[in-house]
Number of protein chains: 2
Amino acid sequence: MSDLLERLRGRGWRLTAQRRVVAEVLDGGGASHVHLTADEVHARAAARLPEISRATVYNTLGELVSLGEVIEVATDGRAKRYDPNAHRPHQHLVCSRCGAIRDVHPGGDPLADLPAAERFGFTVSEVEVTYRGLCPNCAGA
Amino acid sequence: MSDLLERLRGRGWRLTAQRRVVAEVLDGGGASHVHLTADEVHARAAARLPEISRATVYNTLGELVSLGEVIEVATDGRAKRYDPNAHRPHQHLVCSRCGAIRDVHPGGDPLADLPAAERFGFTVSEVEVTYRGLCPNCAGA
DNA sequence: TCCTACGATAGACAGAGTCTAAGTCAAGAA
DNA sequence: TTCTTGACTTAGACTCTGTCTATCGTAGGA
Ligand SMILES: [Mn+2]
Ligand SMILES: [Mn+2]
Ligand SMILES: [Zn+2]
Ligand SMILES: [Zn+2]
């Protein structure tokens, strides 16, 4: 995602300090297993650019999602999380107790598990799989 | 439905008009592909029992979920849906445009697709699969 | 019938996200 | 370089979903 800003400029984005900071927060360090909420993104962005507003963070995140640069993940009934790891398809493993999230890469094609007879005429294009359980910390004796 | 009320009574539930109406709304007609939001449940319940409160609907739904009689489904970032089809395991197929939901029963065991090396020490106990696409109505034209 | 603990109610409150009106500024034009 | 303008940002009001609390009511047992 390091050339993210390049791609965005190529898409006609006006490059503002706010957008740059949001992109940097999401891409920070290249750690691909980051799943921040909008408010967490806002907090980190505000550390670099104190006057940035919540609305701008939401707007920018929404644009990044539309552009396919970021994936929206709703694991629980709480705040959505924003996932910069949009270029390698993956699923999520979530701790039922503490909410920790890990990227996982299951084998097989989950779409293939849904026979035509179970598709009811839908044009199925996407599958989202969430594995739930206890993380080592929460399960630990 | 009468089964449900029986089971609830057996569990020590005090049988009030409000709880009865909520249970009837969820179980209404035995159509198992009902996925109502809390507010939809409230609206239908209020048609039979006008003074029923939102809080009671939320409380009752929460109790039914705890008892395993109803499943909470969060397909989008919007309101949770309450699924009375709790006794036959299934997954969901959701229309990306209109939000229509269908129950589906994929083959294979989705848990088996997650190799041990991808479990990161988690005790994985549950998988939730959401298929997305366009329903016949939304795809046509 | 009476008692009372459990349940229902209204409405305040909270979290997450959207929207609007007004001000600001990135970037192309001259 | 300066000008211009429409895209962008902002504060804060607003919506939607859900939770909580204080008070009132009643199901069901004695
Ligand atoms: Mn991820
Ligand atoms: Mn269902
Ligand atoms: Zn945990
Ligand atoms: Zn549809």
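## Surface near DNA strand C and the manganese sites

In this predicted model, helix α4(A) provides the largest share of the surface near DNA strand C, namely three residues. At least two residues each are supplied to that surface by α4 of chain A and by α2 (17-27) and α4 (54-66) of chain B. DNA strand C is surrounded by 16 residues, and the closest are L15(A), T16(B), Q18(B), E51(B) and T56(B). Of the atoms of DNA strand C that come within 4 Å of the protein, 70% belong to sugar and phosphate. By residue class, this surface divides into six nonpolar, four polar and six charged residues.

Polar contacts from chain B to DNA strand C include the following.

| Residue | Atom of the residue | Atom of DNA strand C | Distance |
|---|---|---|---|
| Q18(B) | side-chain N or O | sugar or linking oxygen | 2.8 Å |
| R19(B) | polar side-chain atom | phosphate oxygen | 3.2 Å |
| S53(B) | backbone N or O | phosphate oxygen | 2.9 Å |

Helix α4 of chain A, which spans residues 54-66, also contains G62(A), a residue that is partly exposed because its relative accessible area, 31%, falls between the 20% and 50% limits. Between G62(A) and C135(A) there are 30 Å from C-alpha to C-alpha, and the two residues are 73 apart in sequence.

Turning to the metals, the manganese ion (ligand 1) has as protein donors H35(A) (NE2), D83(A) (OD), H90(A) (NE2), H92(A) (NE2) and D103(A) (OD), at 1.9 to 2.3 Å, and these donor residues follow the spacing H-x47-D-x6-H-x1-H-x10-D in sequence. Among them, H90(A) and H92(A) are both buried. In chain B, the manganese ion (ligand 2) is coordinated by H35(B) (NE2), D83(B) (OD), H90(B) (NE2), H92(B) (NE2) and D103(B) (OD), at 1.9 to 2.3 Å, with H90(B) and H92(B) both buried.

Technical notes
Residues numbered from 1 in each chain as written. Chains lettered and ligands numbered in written order. Predicted model: local features only at pLDDT ≥ 70, side-chain atom pairs only at ≥ 80, totals over all residues. Heavy atoms only, no water. Helix = DSSP H or I, 4+ residues; strand = E, 2+ residues; numbered from the N terminus. Buried < 20%, exposed > 50% of the residue type's maximum accessible area, 1.4 Å probe, protein only. Donors = N, O, S within 2.8 Å, 3.2 Å for Na, K, Ca; no water. Near = heavy atom within 4 Å. Polar contact = N/O pair within 3.5 Å; in protein donor to acceptor, adjacent residues only side chain to side chain. Nonpolar A, V, L, I, M, F, W, Y, C, P; charged D, E, K, R; others polar.
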